[in-house]
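Me: I would like a close look at one part of this model, the place where two helices pack against each other. Please go through it slowly, as I am in my first year.

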Amino acid sequence: MRFEVWAPFARERVTLRFDGDDSDGDGDGSGVPMAPDPERPGWWTAEAPARDGTRYGFALDGGPVRPDPRSRRLPEGPDGPGAVHLPDGYTWRHPWPGRGLPGAVLYELHIGTFTPEGTLDAAAGHLGELAELGITHVELMPLCPFPGVHGWGYDGVAPWAVHEPYGGPEALKRFADAAHGHGLGVVLDVVHNHLGPSGNQLPAFGPYLTDAHRTPWGPAVNLDGPGSDEVRDYLLGSALMWLREHRLDGLRLDAVHALVDERALTFLEELSAAVDRLAAELGRPLFLIAESDRNDPRTTAARTAGGLGLHAQWNDDFHHGLHTLLTGESQGYYADFAADPRAALARSLTRVWFHDGTYSSFRGRAHGRPVDPMAGPVHRFVGFAQTHDQIGNRAAGDRLSALLSPGLLACAAALVLTGPFTPMLFMGEEWGAGTPWQYFTDHTDPETARRVREGRRAEFAAHGWSAGEVPDPQDPETRNRSVLDRAERTREPHARLLAWHRELIALRRAQPDLTDPDQATVDVSYDTSGGTDRYAVRRGELRVLYNLGRAPARFPVGTGAQVLASWDPSPGPDPAGDLELGPESCAVVRTP
């Protein structure tokens, strides 16, 4: 086999070492010397006998053996040797034409807490439930290796490999294959903006990080300094590998606003162009979904129009408007939305962002840029009521189910699933899961563990939480509390909520008005007079009506209106053409 590594920081030599082997046969275990590649500065190459599963690593200038930065498998974690993994060794069972983003219903899933086992194989056993619910794509939270067993995945340090406790790369292929067998696409959350605080071997090899820019996690990933051509190629190669070798359908790009990149051709433009070329080569749709804090429509604008060319981005403003309307919370970045939550949500539903150039008190400045509704379909924005961030970054990791009645949870589901954006659910949301989803880590370095624990407590102490009220991220029970309890699915009110989500997703698929890509057709009205709290969203011929108050409310819909779905049983409009909704309930109505 041929082995190669980019290691410009090696001054004199790089040695290929096999775990437990005397590779060169001289009896001293000194390994196989690698030769500089004359055509690629900084690259070293060697050929040696090896097979699938062979453990190996590289020693620079006689230093410790480190895993291959491009290793596709790290069976002992990021501090151990890599293992040879043959990418074409898996036999795929299901041909897959791909599944694009238009018409999608996404489902964010964390492998480590989706099941008690916390593995890809265990999660695959429940994919049929998601297909039956009406989900089209499973969006997996990051899978790259990190120290320890349990964590959110955003502290990964090896962007080409799959966390071994989840099952490694073969398990991801089995998962994707099983998902495709159910007609489900698979999206993977990838992190390009930073590397985890421990287990990161890359800085020993080359300038993967730079002190020229700082991020909340420390030195920035080097996208624009000396050596950045190779760093970009490293990340581009990783992204394309997931799509090609694992047959994934898309990638979610974590916090792209934290990528510091001052080159004329940005990394994100390069990535989107490369993904588009790969989609054409493979003959199936591929897409990129950005998480961005900028509220900048150029993120998803075409590259030919001066944009980055990404295919979709999360819409946090929609979440914030929905959350403040239903919960009444007003702390932190919710403050501007909470000042008039009905208007804030209406602005997002009709203009994408609440902050599209308006003043943000949380930031102390104007924020965002208006979206041109004629520039592209509205499904390029992803709408949600809950995500891993919006739950897990709360002190106790409490879901909306801990804050709202079942009726208001049903309203949240309707706002997401009948809204103009591509809808996304967070795992367990479909049945109003009673389990929290808390922030948990498993750092093996005691100092890192201490800093994370103390930093978490200090963060929430500033908001009035005592240390004892904030779960210890390092306590195994914090992760265990976050595991879904599937027994809830058959109990009330969970079973009713599950049926409601299933009904709404089926309605979204059956009613073209609910997937109309033109946001200009969306209209919102609301009324709080006379002690009522009525909210209505028009989608073409459909009206989605919300009684957010605690008393029955009447909506004029016309005598010919047809109730397509209702949280509470409804006889339809009365002879006067009014439809009565019970407290904290909603209905989807076709109007004449």
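Reply: A crossing of two helices is called left-handed if the near helix is turned anticlockwise from the far one by less than a right angle, and right-handed if it is turned clockwise. In this predicted model, the crossing of helix 5 and helix 6 is right-handed. Helix 5 covers residues 228-245 and helix 6 covers residues 267-282, and the two pack at an angle of about 30° with their axes 10 Å apart. On the side of helix 5, the contact is made by R232, L235, L236, A239, L240, L243 and R244, while helix 6 brings F267, E270, L271, A274, V275, L278, E281 and L282 to it. Sorted by class, this contact of helix 5 with helix 6 holds eleven nonpolar residues and four charged ones, with no polar residues.

It also helps to look at the loop that lies between strand 14 (250-253) and helix 6, where A255 is placed. Most residues other than glycine have a negative phi. A255, however, has a positive phi of about 40° although it is not a glycine, and A255 counts as buried, with a relative accessible area of 6%, because buried means under 20% relative accessible area. To sum up the part you asked about, helix 5 and helix 6 cross in a right-handed way, at an angle of about 30°, through a contact with eleven nonpolar and four charged residues, and the loop between strand 14 and helix 6 holds A255, with its positive phi.

Key
Residues are numbered from 1 along each chain as its sequence is written. This is a predicted model: local features need pLDDT of at least 70, side-chain atom pairs count only at pLDDT 80 or more; totals for chains, interfaces and linings use all residues. Side-chain values use heavy atoms; hydrogens and water are left out. Axes are lines fitted to C-alpha atoms, for helices over the stretch in contact, and angles run from 0 to 180 degrees between N-to-C directions. Helices (H or I, at least four residues) and strands (E, at least two) are DSSP runs, numbered from the N terminus. Contact means heavy atoms within 4.5 Å. Ala, Val, Leu, Ile, Met, Phe, Trp, Tyr, Cys and Pro count as nonpolar, Asp, Glu, Lys and Arg as charged, and the others, Gly among them, as polar. Buried means under 20% relative accessible area, exposed over 50%, partly exposed in between (1.4 Å probe, protein chains only).
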